[in-house]
Amino acid sequence: SSFFSSLFFKKMYVSAWGNDSSIYAQTDQTANLCQVTFPGVYGYTGTQFMQVPVYNEVYDPNGNFNNSPFPAPAFAYEAPIAGTYAFTATGLVNAVANPFTGPAFGCVSIYVNGALVQQGVCVTNGVGTALYTAILAPGDYVQMYVQWSANTAFGSSITDASFTCNGAPGQ
């Protein structure tokens with residue numbers, strides 16, 4: 001029925017787990033989409049290229065996201081079929097500068113198969129976002145990172161990170 005796929009039905013959906021109106025049935029989308037978050041503060045570890053351990057699944061109907069550190073690849077979306085995929089990575093960056101070396105910044109980034117493919121605008125204190133669209137092969141994996149400048153000091157962090165596959169082939 002067209003009623004169950006209508007926007008009206010999706011907006012009137014009530015969750016049994018907290019009545020969160022941001023959760024609704026994605027009846028018009030492929031089951032290969034997903035969204036995962038890191039709902040808190042993830043502190044700078046002293047590593048310039050730091051993977052963000054997004055582990056909290058908001059939705060992942062086909063189980064394409066590995067939300068744990070093992071097995072590798074950790075905290076990664078794995079493309080189930082060949083096609084064009086779109087990803088968004090975002091988080092609130094707070095880069096604390098080393099007082100002896102100058103300003104600091106953090107750049108939300110997207111990696112494919114362990115290599116940097118998209119770096120967002122670098123920010124000192126604000127929302128960092130990276131957008132990436134590409135053709136992936138089955139088994140390619142995509143991860144969220146934050147790249148810190150060499151002047152970054154401990155106390156820097158990324159907060160409320162979110163990683164979304166918002167475009168994918170499939171049924």
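## Sheet, cysteines and core

Strands S1 and S3 (residues 56–59) run antiparallel and are joined by three bridges. The model is a predicted one. At this join, Val36 faces Glu57 of S3.

### The sheet around S1

S1 spans residues 34–43 and also pairs with S11, residues 157–167. This second pairing is antiparallel too and has eight bridges. Two residue pairs help to locate the S1 and S11 register. Phe38 stands opposite Ala161 in S11. Gly43 has Ser157 of S11 as its bridge partner.

How are the five strands of the open sheet ordered? The order is S3-S1-S11-S6-S9, and the pairing is antiparallel. S3 and S9 are the edge strands, each pairing on one side only. On average, neighbouring strands of this sheet are turned by 15 degrees against each other, with direction ignored. In general, side chains in a regular strand alternate between the two faces of the sheet.

### Cysteines

How many disulfides does the count give? The count comes to one disulfide. Cys107 and Cys122 form this bond, with an S to S distance of 1.9 Å. The torsion about their S-S bond is about 95 degrees, so the disulfide is right-handed. Cys107 belongs to strand S7 (residues 106–112), and Cys122 to the loop between strand S8 (115–119) and strand S9 (125–136), so the bond ties together parts that are 15 residues apart in sequence.

Why is Cys34 not bonded to Cys165? The closest cysteine sulfur to that of Cys34 is in Cys165, 5.6 Å away, which is too far for a bond. Cys165 is likewise in no disulfide; its nearest cysteine sulfur is that of Cys34, at 5.6 Å. The cut-off that decides this is a sulfur pair within 2.5 Å.

The table gives the accessibility of these cysteines.

| Residue | Relative accessible area | State |
|---|---|---|
| Cys34 | 0% | buried |
| Cys107 | 0% | buried |
| Cys122 | 32% | partly exposed |
| Cys165 | 0% | buried |

In the bonded pair, then, Cys107 is buried at 0%, whereas Cys122 is partly exposed at 32%. In the unbonded pair, Cys34 is buried, and Cys165 is buried.

### The nonpolar core

The largest nonpolar core holds 36 residues. Which members touch the most others? They are Val54, Tyr77, Phe87, Met144 and Phe163. Elements giving two or more residues to this core are S1, strand S6 (83–94), S7, S9, strand S10 (141–148) and S11.

Tyr77 has a long contact list once residues up to four places away in sequence are set aside. Its partners include the cysteines Cys34 and Cys165. Also among them are the aromatic residues Phe65, Tyr85, Phe87, Tyr141 and Phe163. Asn32, Asn64, Asp140, Val142 and Ala168 complete the list.

### Ile81 and its loop

Ile81 sits in the loop between strand S5 (76–78) and S6. Is Ile81 buried or partly exposed? Its relative accessible area is 35%, so Ile81 is partly exposed; the buried class requires under 20%.

Leaving aside neighbours within four places in sequence, Ile81 is in contact with Asn32, Leu136, Pro138, Pro169 and Gly170. Asn32 is also one of the Tyr77 contacts. The Gly170 contact spans 89 residues in sequence, yet Ile81 and Gly170 are 7.7 Å apart in space, C-alpha to C-alpha.

Conventions:
Residues numbered from 1 in each chain as written. Predicted model: local features only at pLDDT ≥ 70, side-chain atom pairs only at ≥ 80, totals over all residues. Heavy atoms only, no water. Pairing = 2+ DSSP bridges. Helix = DSSP H or I, 4+ residues; strand = E, 2+ residues; numbered from the N terminus. Buried < 20%, exposed > 50% of the residue type's maximum accessible area, 1.4 Å probe, protein only. Core = buried A, V, L, I, M, F, W, Y, C linked by side-chain atoms within 4.5 Å. Contact = heavy atoms within 4.5 Å. Axes fitted to C-alpha atoms, helices over the stretch in contact; angles between N-to-C directions.
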